[in-house]
Amino acid sequence: MLRIAVPNKGSLSETAQQMLWEAGYTGRRDPRDLIVADPRNGVEFFYLRPRDIATYVGSGALDVGITGRDLLLDSGSDAAEIAALGFGGSTFRFAAPPGTFGELGELQGRRVATSYPGLVGAFLAERGVTAELVKLDGAVESAVRLGVADAVADVVSTGSTLRKAGLEIFGPVILESDAVLIGSGSRKPGTDTLLRRLKGVIVAREYVLLDYDVPAADLEAATKAAPGFESPTVSPLHDPDWVAVRVMIPRTDMNQVMDDLYALGARAILVSAIHAARL
């Protein structure tokens, strides 16, 4: 069986488990379950702390896992990213009281509080900056006010939390992170199937099926407005002057494409959700 590590809690947990369910796997029903076998699909799930997943996979104890790119890089494990999964996005930045620092080099010899010392330390080392890293498990925004550090390195979304703590962002982006599928060494049997299924879920979430009828004379213009994932499917209708078209388009473009097609003369424009895909 393919042994898969899944976050047991935190921001990645619920979405990762939902994604696996949409991919056709049987997950845990009781949140207290730590191991769940899915013999029909030839896999076994291990529910672990997100921060520990890269360590288990990198050691070979488990075959693959879902975790954050930030946690993977911070772990220092031998595990490697196989594919991004399109959720759990976050941005890591430096922050300090306004006017304290302007450039990254000014952190030389200063104290930086972070929950990701491996990630931040590697980032600074690559740029020739040596700083004292103060490891905290959370709420690093208070570190400067409490005199523990001169600056912080943390996840930033809107920056409002940092501003409330009297801090402002400075320097370059440390990392753009999201959820990733990781593995180590050669791929174990079942990994490629897992990857195809997860990619199918991503496609189903990001694309929709668009069906419409259009005059044959306007087909070329219509297919330029909605070229599709690869190429549209075009079928004849009873009326020889019209054709039916089916195409995959990005969900975010759906309404604009429908408006454009209608303006070109298309009618009976319908959108359908995609529940699963293999491309």
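The following legends describe close-up views of a predicted model.

**Figure 1. The four-stranded sheet that contains β12 and β14**. The open sheet has the strand order β13-β14-β12-β15, with antiparallel pairing. Strands β13 (233–236) and β15 form its edges; each has a single partner strand, so one side of each lacks a neighbour in the sheet. From one strand to the next, the twist averages 20 degrees. Strands β12 and β14 are joined in the antiparallel sense over 9 bridges. P215 has W242 of β14 as its bridge partner. Helix α6 packs on the sheet, where it touches β12 and β14, and its direction makes about 50 degrees with that of β12. Helix α8 also lies across strands of the sheet, namely β12, β14 and β15, and runs at about 165 degrees to β15.

**Figure 2. Buried and exposed residues of helix α8 (residues 254–264)**. M254, V257 and L261 are the buried residues shown in this helix. These residues cover an arc of only 70 degrees around the axis, which places them on the same side of α8. An α-helix has 3.6 residues a turn, so residues three or four places apart point the same way. On the other side of α8, N255 and A263 are exposed. The buried residues of α8 pack against three strands and a helix: β12 (207–215), β14 (242–250), β15 (267–273) and α7 (219–225). Just after α8, the backbone at G265 adopts a positive phi of about 110 degrees.

**Figure 3. Buried and exposed residues of helix α1 (13–22)**. Buried positions in α1 are S13, A16, M19 and L20. Viewed down the helix axis, the buried residues fall within an arc of 135 degrees, so they line one face of α1. The face turned away from this buried side carries E14 and W21, which are exposed. The packing partners of the buried residues of α1 are the strands β1 (2–7), β3 (43–48) and β4 (64–68), together with helix α6 (191–206). Just after α1, G24 has a positive phi of about 95 degrees.

**Figure 4. The crossing of helices α1 and α6**. The two helix axes come within 9 Å and cross at roughly 100 degrees. Angles from 65 to 115 degrees count as roughly perpendicular, and α1 and α6 are therefore described as roughly perpendicular to each other. On the α1 side, the contact is made by T15, Q18, M19, L20 and E22. On the α6 side, L194, L198, V201, I202 and R205 take part. Among the α1 residues in this contact, M19 and L20 also belong to the buried set of that helix.

**Figure 5. Surroundings of S177 in strand β10**. S177 lies in β10, which spans residues 168–177. Its relative accessibility is 5%; residues under 20% count as buried, so S177 is classed as buried. The side chain of S177 reaches the backbone nitrogen of D70 at 3.0 Å. A polar atom of that side chain also lies 3.4 Å from the backbone nitrogen of R69. Beyond residues up to four places away in sequence, S177 touches G68, R69 and D70, as well as G88, G89, S90 and F92. R69 and D70 thus appear both among the residues touched by S177 and as the sources of the backbone nitrogens at 3.4 Å and 3.0 Å.

**Figure 6. D33 in the loop between α1 and β2**. D33 is found in the loop that connects α1 (13–22) with β2 (35–38). With a relative accessible area of 29%, D33 is partly exposed. Leaving aside residues up to four places away in sequence, D33 touches R28 and Y47. The C-alpha atoms of D33 and F46 are separated by 8.8 Å, and these two residues are 13 residues apart along the chain.

**Figure 7. R127 in the loop between α4 and β8**. R127 occupies the loop between α4 (117–126) and β8 (132–135). The relative accessible area of R127 is 43%, which makes this residue partly exposed. R127 and G105 are 22 residues apart in sequence, and the C-alpha to C-alpha distance between them is 8.3 Å.

Key: Residues are numbered from 1 along each chain as its sequence is written. This is a predicted model: local features need pLDDT of at least 70, side-chain atom pairs count only at pLDDT 80 or more; totals for chains, interfaces and linings use all residues. Side-chain values use heavy atoms; hydrogens and water are left out. Buried means under 20% relative accessible area, exposed over 50%, partly exposed in between (1.4 Å probe, protein chains only). A polar contact is a pair of N or O atoms within 3.5 Å; within protein, one must be able to donate a hydrogen and the other to accept it, and residues adjacent in sequence count only if both atoms are side-chain atoms. Contact means heavy atoms within 4.5 Å. The arc is that of the directions from the helix axis to the C-beta atoms. Two strands pair if DSSP finds at least two bridges between them. Axes are lines fitted to C-alpha atoms, for helices over the stretch in contact, and angles run from 0 to 180 degrees between N-to-C directions. Angles under 35 degrees count as roughly parallel, over 145 as roughly antiparallel, 65 to 115 as roughly perpendicular and the rest as oblique.
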